[in-house]
Amino acid sequence: MINSGRYARQTMLSGFGEEGQKRLRKATVAVIGLGGLGSVVVTYLAGAGVGKLVLVDPDTVSLTNLQRQVLYSEKQLDLPKAVCAAQRAVSLNSEVIAEPISESINQENAAEILKRCDLVVDCTDNYPTRYLIDDACAKAGIPWIYGSIGEFHGQVSLFGY
């Protein structure tokens, strides 16, 4: 059953409705890179009611992150970002399952991490990882969204849809 109160603002949209909400609930989305952009993406995916989030980042929370990485707090300094992001996603929406992966995505683990995902959101900050995600998603037939922010500029693209 869909929580009609929680999701009323999106289920009322023409062409979305309760069926769209059910599809979101069944979806698994990987968010790779849990920095400034990834923090916002996780917040909105959890709020929207995506059923499962696979959260991938090898880093820990640092003081210099806090002004732009809104998922984290001072109490989480030096803790793994993936674990903190998963806890925050579930605290925002208890209907969401969040799986933290506190390691880098690489050639050895990419296929295993992504095989269960319906969509990948690349919020990383380096080209080698972005190319790896592209290769892994193309091989698995998974669409992916690339997002990038630099100073006052941003980019977003959808691939493989």
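# Reading salt bridges, strands and surface in this model

Guide: Arg 25 is partly exposed, with a relative accessible area of 34%, and this value, like the others we shall discuss, comes from a predicted model.

Visitor: Why does Arg 25 count as partly exposed?

Guide: Partly exposed covers the range between the buried limit of under 20% and the exposed limit of over 50%, and Arg 25, with its 34%, therefore belongs there.

Visitor: With which residue does Arg 25 form a salt bridge?

Guide: The general idea is that side chains of opposite charge can pair when their charged atoms come close. In this structure, Arg 25 forms a salt bridge with Glu 95, and their closest N and O atoms are 3.6 Å apart. Because Arg 25 belongs to helix H2 (residues 17-26) and Glu 95 to the loop between H4 and E3, the pair ties together parts that are 70 residues apart in sequence. Glu 95 is also partly exposed, at 28% relative accessibility.

Visitor: How many salt bridges does the structure hold, and which residues do they join into one network?

Guide: The structure holds 5 salt bridges, and the network is best read one pair at a time. Glu 99 pairs with Lys 52, the closest N and O atoms being 3.3 Å apart; this pair links distant parts of the chain, since Glu 99 sits in strand E3 and Lys 52 in strand E2, 47 residues apart. Arg 116 also forms a salt bridge with Glu 99, here with the closest N and O atoms 2.7 Å apart, and it reaches Glu 99 in strand E3 from the loop between H5 and strand E4 (119-122), 17 residues away along the chain. Through these shared partners, salt bridges join Lys 52, Glu 99 and Arg 116 into one network.

Visitor: What are the relative accessible areas of Lys 52, Glu 99 and Arg 116?

Guide: Lys 52 has 23%, Glu 99 has 22% and Arg 116 has 30%, so each of these residues counts as partly exposed.

Visitor: Do the strands E2 and E3 run parallel or antiparallel, and how many bridges join them?

Guide: In a regular strand the side chains alternate between the two faces of the sheet. Here, strand E2 (residues 52-56) and strand E3 (residues 97-101) run parallel and are joined by 5 bridges. Between them the chain passes from E2 through helix H4 (residues 81-92) to E3, in a β-α-β crossover that is right-handed. Glu 99, already met in the salt bridges, is the bridge partner in E3 of Val 54.

Visitor: Helix H4 invites a further look. What separates the C-alpha atoms of Val 90 and Thr 43?

Guide: Val 90 lies in helix H4 and is partly exposed at 32% relative accessible area; its C-alpha atom is separated by 9.9 Å from that of Thr 43, although the two residues are 47 residues apart along the chain.

Visitor: Which residues form a nonpolar patch on the surface?

Guide: Val 40, Tyr 44 and Val 70 form such a patch, with about 320 Å² of accessible area together. Val 40 lies in helix H3 (residues 36-48) and is partly exposed, at 35%.

Visitor: Is Asn 109 buried or exposed, and what does its side chain reach?

Guide: Asn 109, in the loop between E3 and helix H5 (110-114), has 11% relative accessibility and therefore counts as buried. The Asn 109 side chain reaches the backbone nitrogen of Asn 106 at 2.7 Å.

Note on methods: Residues are numbered from 1 along each chain as its sequence is written. This is a predicted model: local features need pLDDT of at least 70, side-chain atom pairs count only at pLDDT 80 or more; totals for chains, interfaces and linings use all residues. Side-chain values use heavy atoms; hydrogens and water are left out. Patches are made of residues with over 30% relative accessible area and no salt bridge: like charges are joined within 9 Å, nonpolar side chains (Val, Leu, Ile, Met, Phe, Trp, Tyr) within 5 Å. Accessible areas come from the Shrake-Rupley method with a 1.4 Å probe; for residues, only the protein chains shown count as cover. A salt bridge is a side-chain nitrogen of Lys or Arg within 4 Å of a carboxyl oxygen of Asp or Glu. Helices (H or I, at least four residues) and strands (E, at least two) are DSSP runs, numbered from the N terminus. Buried means under 20% relative accessible area, exposed over 50%, partly exposed in between (1.4 Å probe, protein chains only). Two strands pair if DSSP finds at least two bridges between them. A crossover is right-handed if, with the strands pointing away from the viewer, the path from the first strand over the helix to the second runs clockwise. A polar contact is a pair of N or O atoms within 3.5 Å; within protein, one must be able to donate a hydrogen and the other to accept it, and residues adjacent in sequence count only if both atoms are side-chain atoms.
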